[in-house]
Amino acid sequence: MTYRVRLTRSAAEDLERLYDFILERDERDWALAERALQAIRDGIDTLKTSPFTCRKAQPNVPFLRELVIAFGHSGYVALFEIELDETVTILAVRHQREDDFH
């Protein structure tokens with residue numbers, strides 16, 4: 001089974017925020033920002049075929065899950081929902097060192 005993956009507006013804004021955060025630290029480090037964004041995209045692509053392999057975000061909610069995306073010494077976490085119509089909706093993306101989803 002193949003799932004369609006889509007991002008909410010808020011998740012798309014998260015990607016932009018994470019990209020900008022890298023550039024704010026060093027505006028010349030656009031290559032790092034691009035690699036980070038690509039790592040997130042590659043991770044999200046895995047949800048097309050195996051969204052149920054990701055950990056549950058809440059124990060009693062089987063369709064709300066988190067994808068851990070490795071990057072450097074830490075990485076990112078994408079919060080997503082598996083919907084009945086074979087759609088995966090990315091709700092939010094954060095850096096692993098952030099306190100919680102925005």
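Good morning. I shall begin with the outward side of helix α1, where Arg9, Glu16 and Glu24 are exposed. Please keep in mind throughout that this is a predicted model.

Which residues of α1 are buried? They are Ala11, Asp14, Leu15, Leu18, Tyr19 and Ile22. Viewed along the helix axis, these buried residues fall within an arc of 130 degrees, so they line one face of α1. The cover over the buried residues of α1 includes the strand β1, residues 4-7, together with α2, β4 and β5.

The length of α1 can also be checked. The helix has 17 residues, and at 1.5 Å a residue it should span 24 Å; the C-alpha atoms at its ends are 25 Å apart, which agrees.

Let me turn to the interior. In soluble globular proteins, nonpolar side chains tend to be buried together. Here, the largest nonpolar core has 24 residues, and the members that touch the most others are Ile40, Phe80 and Ile90. Which elements supply at least two residues each to this core? They are α1 (9-25), α2 (30-45), β3 (61-71), β4 (74-83) and β5 (87-95). The largest share is that of α2, with seven residues.

Ile40 deserves a closer look. Setting aside its neighbours within four places in sequence, Ile40 is in contact with Leu15, Leu18, Ile69, Tyr76 and Val93. Two of these partners, Leu15 and Leu18, have already appeared among the buried residues of α1.

I come now to the empty spaces. How many cavities of 30 Å³ or more does the structure hold? There is one. The largest cavity encloses about 40 Å³ of space. Its lining consists of Leu15, Leu18, Tyr19, Ile22, Ala33, Ala36, Leu37, Ile40 and Tyr76. Both α1 and α2 supply at least two residues of that lining. Ile40 thus returns here as a lining residue, having been one of the core members that touch the most others.

Finally, there is the largest pocket, which holds about 250 Å³ of space. Among the residues that line this pocket are Phe21, Ile22, Arg25, Leu32, Phe71, His73, Tyr76 and Arg97. The elements giving two or more residues to the pocket lining are α1 and β4, and α1 gives the most, with three residues. Ile22 and Tyr76 belong to the linings of both the largest pocket and the largest cavity.

To close, I return to α1: its buried residues line one face, while Arg9, Glu16 and Glu24 are exposed on the other side. Thank you for your attention.

How values were computed: Residues numbered from 1 in each chain as written. Predicted model: local features only at pLDDT ≥ 70, side-chain atom pairs only at ≥ 80, totals over all residues. Heavy atoms only, no water. Core = buried A, V, L, I, M, F, W, Y, C linked by side-chain atoms within 4.5 Å. Buried < 20%, exposed > 50% of the residue type's maximum accessible area, 1.4 Å probe, protein only. Helix = DSSP H or I, 4+ residues; strand = E, 2+ residues; numbered from the N terminus. Contact = heavy atoms within 4.5 Å. Expected span 1.5 Å × (residues − 1). Arc of directions from axis to C-beta. 1 Å grid on protein atoms, 1.4 Å probe; cavity = no way out; pocket = protein on both sides within 12 Å on 5 of 7 lines; lining within 4 Å. Points joined across faces, edges and corners; volume = space filled by probe spheres on them.
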